[in-house]
Amino acid sequence: MIVTIVCSRAAVPHLRKAGGGHIINFSDWLSRSGRPRYTGYLPYYVAKTGVIALTEALALELAPDKILVNAIAPGPILAPPETTEAELGAVEKSTPLGTWGGETAIAEAVLAILSCSFVTGETIRVDGGRHIR
């Protein structure tokens, strides 16, 4: 979360000078769902939930400067190389769209955010519907 704060603070003067712009942060689908599902991820979960809070607070603070602040909350995008076939299948079964998202899904979400001039303070899950199962 510290990196998110530092990068945002570094970008703000440039965006103000430009008359506005976008900051896009990255969180996690679990944090966006508002409930932890796995043990052993306490620091990660808290940090990613903090990114959502930071996104909302910055959106409010920077709105007068026409700086829009949003976040992407990825779900299963790319499997780690050590993922077993059984683990791959379990994730696919738990995801309503039945697959991993891939990096293109993130790029499409970023482009969608950048194409809209009236969305700020939002965290968008890119998780193939995983949060609804």
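The following questions and answers examine how terms are applied to this predicted model.

Q: Why is C7 called partly exposed?
A: The relative accessible area of C7 is 49%. Buried would require under 20% and exposed over 50%. The value for C7 lies in between, and C7 is therefore classed as partly exposed.

Q: Where does C7 lie, and how is that helix placed against the strands?
A: C7 belongs to helix α1. Helix α1, residues 2-18, lies across β1 and β2 and runs at about 175° to β1. Angles run from 0 to 180 degrees between N-to-C directions, so a value of about 175° means that helix α1 and β1 point in nearly opposite directions.

Q: How do you know that β1 and β2 count as paired?
A: A pair of strands needs at least two bridges. β1 and β2, the latter being residues 67-74, have six bridges in the parallel sense, and therefore they count as paired. Within this pairing, G21 stands opposite I67 in β2.

Q: What makes β1 and β3 the edges of the sheet?
A: The open sheet has three strands in the order β1-β2-β3, with parallel pairing. β1 (21-26) and β3 (123-126) each have a single partner strand, so one side of each is left without a neighbour in the sheet. From one strand to the next, the twist averages 25°.

Q: What pattern does the protein chain follow along the sequence?
A: The pattern reads α-β-α-α-β-α-α-β, and the secondary structure comes to five helices and three strands.

Technical notes: Residues are numbered from 1 along each chain as its sequence is written. This is a predicted model: local features need pLDDT of at least 70, side-chain atom pairs count only at pLDDT 80 or more; totals for chains, interfaces and linings use all residues. Side-chain values use heavy atoms; hydrogens and water are left out. Helices (H or I, at least four residues) and strands (E, at least two) are DSSP runs, numbered from the N terminus. Contact means heavy atoms within 4.5 Å. Buried means under 20% relative accessible area, exposed over 50%, partly exposed in between (1.4 Å probe, protein chains only).
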